[in-house]
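Subject: Structure handover

Hello,

Please find the structure for your project below. My notes on what was found in it follow.

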Amino acid sequence: MDGAGAPGGRGDLDGDGSVDLVVPDAWALQDDAVFLGDGAGGFVEVGGSWLGTRSRAGAARLADVDGDLDLDLFLSDWGEAPPTSPGVGHLYLGDGAGFTPVDGVPADLSAVGTGPIDADFVDVDGDWDLDLLLASRTGDSILLLNDGTGTFLDADAQLPPQKGPYVYGPDACDVDGDGDLDLWLDNGANRQLAEQLLVNDGTGTFTDATDRVSGNPGADDNEVQCADLDGDGDMDAVVASLSDEERVLLNDGLGAFVLLPDAFPPLGDATLGLDLGDLDGDGRLDAVTAQGEAGSFVDRVYRGTGVAEDTRAPSDVGPRVRVYAADGTPGVWRGGDLFHVAAPGEGVVTVCATDGAAEACVDVGEEATETPPDGKAPAPGCGCAAASARAGVLQVGLLGLLALRRRRGARAGG
């Protein structure tokens, strides 16, 4: 996850250390809005002076796509007559003071087979830039690979066949512990079939591994979220359902899943979306659902009474995680699961990540190995590991995969 919920996005747009918001209009009834945070919980609308667009946005996502450490913006637009009109993709490069439109993505997304509703920035090929996964409302979901400059190329050939449509809320996480990001597509086939699990080979090429999932019923679902619910250090899956109950799929650590019976109360209420977080401070993930289309239309909160307490660090991603070097130099969130950390000096540098549960630190540098040395070991179950020391690469396992990259000299990028 990138810390941004559809259809809006959040992140530090102006570099002042506070969280800002991008809130597009889903039906082009008014201008898309930008709200700058004041650091004290308040926001000031700057609107057209930053963006000046009026869109029918299915989703907005923020990420640094061109490596300049300013957050850029992608809008997936449903076009003039949604949902039947061709989907349009808009990319805007940020400079810390506003957004400028560029031709970084295929403008007419119908040319590569979809009507986009959701978008996620994920580094699927491990090259330290953020690629783009577009969920489909009217056709196959789309994978676009970033060339490192913010230009995205069609990589649909790297996805297995999809039976689509109706993918609303996919998620990316490392389900099999091999250090790359795999993909969940909600429904994955059509509205009466189960989710599709796609496993990454490390280069951004995926194979269908749905046969590793047992007991997941066919239903009209709307979202999948990755989370470690049983405290064993691997990523389970939570499914939000329109026609069935919300449900949990438990991971065996190798990427095989089984349905956990009665994980949610049987309320029979239609759910459009779901998010997870510790709402009551007990160290356990709770769930919030948004209802619609049928049933009571009352949004719901579920307390995580049966999930394991979060004792692993870190267990979240995006702006809600603090990443920094051991000397206190803060990291910059680049979108998706990528952070940039400017770690001065040569030799071994310690980089830490902190969430609400605890902290995990990993050494990276000339003397670092794939297993952190004694005295600097990550917190149990963190999944932290230094990768190529010569390349100056550090990877820290989070809700998906938090990746940090240190370059020699005064600067490091992730």
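Of the 414 residues in the chain, 54% are buried. Please keep in mind that this is a predicted model. The chain has 32 strands and 0 helices. Among contacts with a separation of 6 or more, 47% join residues that are 24 or more positions apart. The chain exposes about 16400 Å², and 52% of that area comes from carbon and sulfur atoms.

Cores

The largest nonpolar core is made up of 22 residues. Leu 13, Val 22, Leu 73 and Phe 99 have the most contacts inside it. Two or more residues each come from strands S3 (33–37), S5 (57–63), S6 (72–77), S25 (322–325), S27 (338–341) and S28 (349–354). S5 is the biggest contributor to this core, with 3 residues.

Leaving out residues up to four places away in sequence, the residues that Phe 99 touches include Leu 13, Val 22 and Leu 73. Others on its list are Trp 50, Leu 51, Leu 62, Leu 71, Asp 72, Tyr 92, Leu 93 and Gly 94. There is also a second, separate core, which has 19 residues, among them Ala 135, Ala 155, Leu 159 and Ala 172.

Aromatic pairs

The structure contains 5 aromatic pairs. One of them joins Tyr 166 and Tyr 168: the ring centres are 6.2 Å apart and the planes lie at 35°, so the pair counts as tilted. Both Tyr 166 and Tyr 168 are buried.

Phe 264 and Tyr 302 form an edge-to-face pair, with 5.0 Å from centre to centre and 85° between the planes. Phe 264 sits in the loop between strands S21 (257–260) and S22 (271–277), while Tyr 302 belongs to strand S24 (residues 300–302), so this pair ties together parts that are 38 residues apart in sequence. Phe 264 and Tyr 302 are both buried.

Arg 212 and Val 213

These two residues are worth a look in the viewer. Arg 212 is in the loop between strand S16 (206–208) and S17, and Val 213 is in strand S17 itself (residues 213–214). Are they buried or exposed? Val 213 has a relative accessibility of 16% and therefore counts as buried, the cut-off being under 20%. Arg 212, with a relative accessible area of 32%, is partly exposed.

Which residues do they touch, setting aside those up to four places away in sequence? Val 213 is in contact with Trp 184, Leu 197, Leu 249 and Phe 257. Arg 212 touches Asp 176, Val 199, Leu 254, Gly 255, Ala 256 and Phe 257. Phe 257 thus appears on both lists.

Two C-alpha distances can be checked directly. Val 213 and Ala 194 are 19 residues apart along the chain, with 9.3 Å between their C-alpha atoms. For Arg 212 and Leu 197, which are 15 residues apart in sequence, the C-alpha separation is 8.2 Å.

Surface patch

Leu 279, Val 288 and Val 301 make up a nonpolar patch on the surface, and together they have about 260 Å² of accessible area. Leu 279 is located in the loop between S22 and strand S23 (286–291). Its relative accessibility is 53%, so Leu 279 counts as exposed.

Regards

Note on methods
Residues numbered from 1 in each chain as written. Predicted model: local features only at pLDDT ≥ 70, side-chain atom pairs only at ≥ 80, totals over all residues. Heavy atoms only, no water. Phe/Tyr/Trp six-rings, centres within 6.5 Å; stacked < 30°, edge-to-face > 60°. Buried < 20%, exposed > 50% of the residue type's maximum accessible area, 1.4 Å probe, protein only. Helix = DSSP H or I, 4+ residues; strand = E, 2+ residues; numbered from the N terminus. Contact = heavy atoms within 4.5 Å. Patch = residues over 30% accessible without salt bridge, like charges linked within 9 Å, V, L, I, M, F, W, Y side chains within 5 Å. Areas by Shrake-Rupley, 256 points an atom, 1.4 Å probe, with all protein chains shown as cover. Salt bridge = Lys/Arg side-chain N within 4 Å of Asp/Glu carboxyl O. Core = buried A, V, L, I, M, F, W, Y, C linked by side-chain atoms within 4.5 Å.
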